[in-house]
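Subject: Structure for you to look at

Hello,

Here is the structure I promised to pass on. Please open it and keep it beside this message as you read.

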Amino acid sequence: MLEISLLASTGFNPFNAILCMCGFSSAGVCLAISIKAKKKEIRAIGPSATVSALLGIGEPALFGVILRYGMKPFLLSCSINGVAGMVAMLLGMKGTGNGITTIPGMLLYIYSPSQLIMYVILALSVFIAAFCLCWFFAVPPEVMETDTAVKKEAPKPALAPFPEVLGAVAQGTFVPMEEIPDPTFSQGVLGVCCGIEPETGKVYAPMNGTVSQLADTLHAIGIEAAGVELLIHVGIDTVSMKGDGFTSHIKEGQAVKKGDLLLTMNLEKIKAAGHPATIMVIVTNSDDLASAEASASGRVMPGDQLMRLKA
């Protein structure tokens, strides 16, 4: 609302520069972690997530890499972006539109050679500073452990069979991927997915597997089994609630069975915070499977057929 108001009254949008620098700081931090990491998964997804961040889509870098092993890289990125935003304001940087950030955001500054030069110099400075500071001070120690070392230290969980059918994770109404109210999910950026508009606050496991990830804010859970990697994302932008209204019933590394209670959420608190409570089930490695498609419709109950997978 503020950006549109400023554009209508002055023709310029000074907030855009702050948003653009946020993308460059996230990209720098993400690239540093992915290059220095020894975990194959982070090294595989990090470069593509960095490219996405440089093109204005920051969710893969934020949720797939930066926030995955703690808050330190995220807080570093926020700090760098705060300083960059202050510099942008002091320099009087202002775009001629809104909604376009990072590299495509340069288009909003070509109206003035000085504005474009300041944008390019500040963007490069932010990206390099984020990369270097993260490289030396903020790369999570977990990503420095080799996959072999982790296997030697941790006991092997019982192998779960390939899940040909994923069960519904909650009681509610099925939501097709293209109707999910967030472009990151509706466009399949993180993988093929679908959603459920919940009627109750209980979230259940859609398959047998091992909990590979549990966000500190409890809004996202990763489960792996037989080459299938799932992400259960509870609500839209609920990361900002910092775990308030969420109760976890599992921990990372725990083996779960289809139908086990994973999480309890307070739907009233989510509604009061102004966030949709839609629960997304994302097959994050859907490109590695022969097929992954939704097979539900209408109202579903926990355990009802939600998606069908083929290896």
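Below is what I found, going from the helices to the loop and then to the strands.

One caution before the details: this is a predicted model.

**Helix 2 and helix 4**

Start with helix 2, residues 15–36, and helix 4, residues 59–66. Their axes lie 10 Å apart. The packing angle is about 35 degrees. The crossing of these two helices is left-handed.

Which residues meet there? From helix 2 come Ser26, Val29, Cys30 and Ile33. From helix 4 come Ala61, Val65 and Ile66. By class, the contact of helix 2 with helix 4 has 6 nonpolar residues and 1 polar residue. Charged residues are absent from it.

**Helix 5 and helix 6**

Next, find helix 6, residues 113–137, and look at how helix 5 passes it. Their axes come within 10 Å of each other. They cross at roughly 155 degrees. Angles over 145 degrees count as roughly antiparallel, so helix 5 is roughly antiparallel to helix 6. The crossing of helix 5 and helix 6 is right-handed.

The contact list runs like this:

- Helix 5 brings Lys72, Leu76, Ile80, Ala84, Val87, Ala88 and Leu91.
- Helix 6 brings Met118, Leu122, Val126, Ala129, Ala130, Leu133, Cys134 and Phe137.

What classes do these residues fall into? The contact of helix 5 with helix 6 has 14 nonpolar residues, 1 charged residue and no polar ones.

Val83 also sits in helix 5, which spans residues 72–91. Is Val83 buried or exposed? Neither label fits, because its relative accessible area is 47%. Buried means under 20% and exposed means over 50%, so Val83 is partly exposed. Now look for Pro302, which is 219 residues from Val83 in sequence. In space, the two C-alpha atoms are 47 Å apart.

**The loop between helix 5 and helix 6**

Two residues in this loop are worth a look.

Tyr109 is found in the loop between helix 5 and helix 6. Its relative accessible area is 0%, so Tyr109 is buried. What does Tyr109 touch, leaving out residues up to four places away in sequence? Its contacts are Asn16, Ala17, Met93, Lys94, Gly95, Gln115, Leu116 and Tyr119. Ala296 is another matter: it lies 187 residues from Tyr109 along the chain, and their C-alpha atoms are separated by 46 Å.

Thr101 is in the loop between helix 5 and helix 6 as well. Its relative accessible area is 18%. Buried means under 20%, so Thr101 is buried. Setting aside neighbours within four places in sequence, Thr101 is in contact with Asn16, Leu19, Cys20, Gly56 and Tyr119.

**The sheet around strand 11**

Now turn to the strands. An open sheet holds 8 strands with antiparallel pairing. Their order is 9-5-6-7-11-3-2-13. Which strands sit at the edges? They are strand 9 (255–256) and strand 13 (299–300), and each pairs on one side only.

Find strand 11, residues 279–283, in that sheet. Strand 11 is mostly covered, with 5 of its 5 residues buried. Ile279, Val281 and Val283 point one way from strand 11. Met280 and Ile282 point the other way.

Strand 11 has these pairings:

- Strand 3, residues 192–198, runs antiparallel to strand 11 and is joined to it by 5 bridges. Val192 has Val283 as its bridge partner, and Cys193 stands opposite Ile282.
- Strand 7, residues 228–234, also pairs with strand 11 in the antiparallel sense, over 5 bridges. Val234 stands opposite Ile279.

**Strand 14 and its partners**

Last, look at strand 14, residues 305–310. How many bridges join strand 1 to strand 14? There are 3, and strand 1 (residues 165–167) runs antiparallel to strand 14. Val165 stands opposite Arg308 in strand 14.

Strand 12, residues 291–294, is antiparallel to strand 14 too, with 4 bridges between them. Here Ser291 has Lys310 as its bridge partner.

Best wishes

Technical notes: Residues are numbered from 1 along each chain as its sequence is written. This is a predicted model: local features need pLDDT of at least 70, side-chain atom pairs count only at pLDDT 80 or more; totals for chains, interfaces and linings use all residues. Side-chain values use heavy atoms; hydrogens and water are left out. Axes are lines fitted to C-alpha atoms, for helices over the stretch in contact, and angles run from 0 to 180 degrees between N-to-C directions. A crossing is left-handed if the near helix is turned anticlockwise from the far one by less than a right angle, and right-handed if clockwise. Contact means heavy atoms within 4.5 Å. Ala, Val, Leu, Ile, Met, Phe, Trp, Tyr, Cys and Pro count as nonpolar, Asp, Glu, Lys and Arg as charged, and the others, Gly among them, as polar. Buried means under 20% relative accessible area, exposed over 50%, partly exposed in between (1.4 Å probe, protein chains only). Angles under 35 degrees count as roughly parallel, over 145 as roughly antiparallel, 65 to 115 as roughly perpendicular and the rest as oblique. Two strands pair if DSSP finds at least two bridges between them.
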